[in-house]
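Q: I would like a close look at one part of this model. Please keep to the charged side-chain pairs and set them in the context of the whole chain.

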Amino acid sequence: MHCFIIAGSPEASVSFIKSKINSDFVICADRGYSFAKAAGISPNLIVGDFDSCKGELPDDCEIVTLPTEKDDTDTAHAVGLALERGYDEITILGAVGGRLDHSLANLCLLAHISSKGGRGELLSEKERIVYLAPGEHSFDSLTGRTFSLFPFGCPEVEVEYLGAKYSDGIYCLTSEKPQGVSNIFSENHSIIRIYRGSAVLIINMSDAFL
């Protein structure tokens, strides 16, 4: 099952959020509710300590209030609740930009979702970010899009690209050199194989970054 989580990045685009939300289950993490409200979206669940969400909360929605001092972020709690309720495909909006530490924390959540058997992505109007565990990963209808791949949670990753401009056997990418920057999907159906290690894949979704 798929759900959306709306996080609280100050760089979140209300119009983009509105364009992506459908009838799937929607969770707002703290200030994410402000974006949902501005977009005319009624969430199914709101979670947070509400230190950044201003204004009244709706009385027709499930609300989970968290303590201000806690070990995890509001978005991490939202991810945990989504997984507990059986949602194994999670799209997080409003998750990048603003504080770099929060953006990095949200990248870590992708690895957590994968460790629980799910698939997650951070999605904005500029980029789509996914975590790649060992195995084969398929990508469709991205011809001409630029992408970059980096080791994540490990010193190095062994990767092979099929259907990419720079594709010549198995590459070993290390965390010390940004050699995985700016490849290009060259076919309608592309495959990335991770043989060892794990990676974060950043796909540029805006024509301005091609």
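Which residue forms a salt bridge with Glu-156, and how far apart are the closest N and O atoms?

A: The partner is Arg-196, and the closest N and O atoms are 2.7 Å apart. Bear in mind that this is a predicted model. The pair links distant parts of the chain. Glu-156 sits in strand β10, which covers residues 156–162. Arg-196 belongs to strand β13, residues 189–196. In sequence the two are 40 residues apart.

Now the exposure of this pair. Glu-156 has a relative accessibility of 26% and counts as partly exposed. Arg-196 is also partly exposed, at 36%.

Strands β10 and β13 hold a further pair. Here the side chains of Arg-193 and Glu-160 meet in a salt bridge, at 3.5 Å from N to O. Arg-193 lies in β13 and Glu-160 in β10, so this salt bridge ties together parts 33 residues apart in sequence. Arg-193 is partly exposed, with a relative accessible area of 25%. Glu-160 has a relative accessible area of 14%; it is buried because the cut-off for buried is under 20%. This pair does not stand alone: salt bridges with shared partners join Glu-136, Glu-160 and Arg-193 into one network.

Another pair involves other strands. Arg-119 forms a salt bridge with Glu-89, and their closest N and O atoms are 2.5 Å apart. Again, distant parts of the chain are linked. Arg-119 is in strand β6, residues 119–123. Glu-89 is in strand β5, residues 89–93. The separation is 30 residues. Arg-119 is exposed, with a relative accessible area of 57%. Glu-89 is partly exposed, at 32%.

Next, the whole chain. The structure holds 8 salt bridges, the pairs above among them. The charges number 17 positive and 29 negative, and their mean positions are 4 Å apart. The secondary structure comes to 4 helices and 14 strands. The radius of gyration is 18 Å, close to the 17 Å that the globule rule gives for 210 residues, so the chain is as compact as a globular protein of that length. Its C-alpha trace spans about 55 × 35 × 30 Å along the principal axes.

Contacts and burial complete the picture. Of the contacts with a separation of 6 or more, 59% join residues 24 or more positions apart. Buried residues make up 46% of the 210 residues. The accessible surface is about 10600 Å², and carbon and sulfur atoms account for 48% of that surface.

Conventions
Residues are numbered from 1 along each chain as its sequence is written. This is a predicted model: local features need pLDDT of at least 70, side-chain atom pairs count only at pLDDT 80 or more; totals for chains, interfaces and linings use all residues. Side-chain values use heavy atoms; hydrogens and water are left out. The radius of gyration is taken over C-alpha atoms; the globule rule is 2.2 Å times the number of residues to the power 0.38. Buried means under 20% relative accessible area, exposed over 50%, partly exposed in between (1.4 Å probe, protein chains only). Contact means heavy atoms within 4.5 Å. Accessible areas come from the Shrake-Rupley method with a 1.4 Å probe; for residues, only the protein chains shown count as cover. Lys and Arg count as positive and Asp and Glu as negative; His and the chain ends are not counted. The place of a charge is taken as NZ of Lys, CZ of Arg, CG of Asp or CD of Glu. A salt bridge is a side-chain nitrogen of Lys or Arg within 4 Å of a carboxyl oxygen of Asp or Glu.
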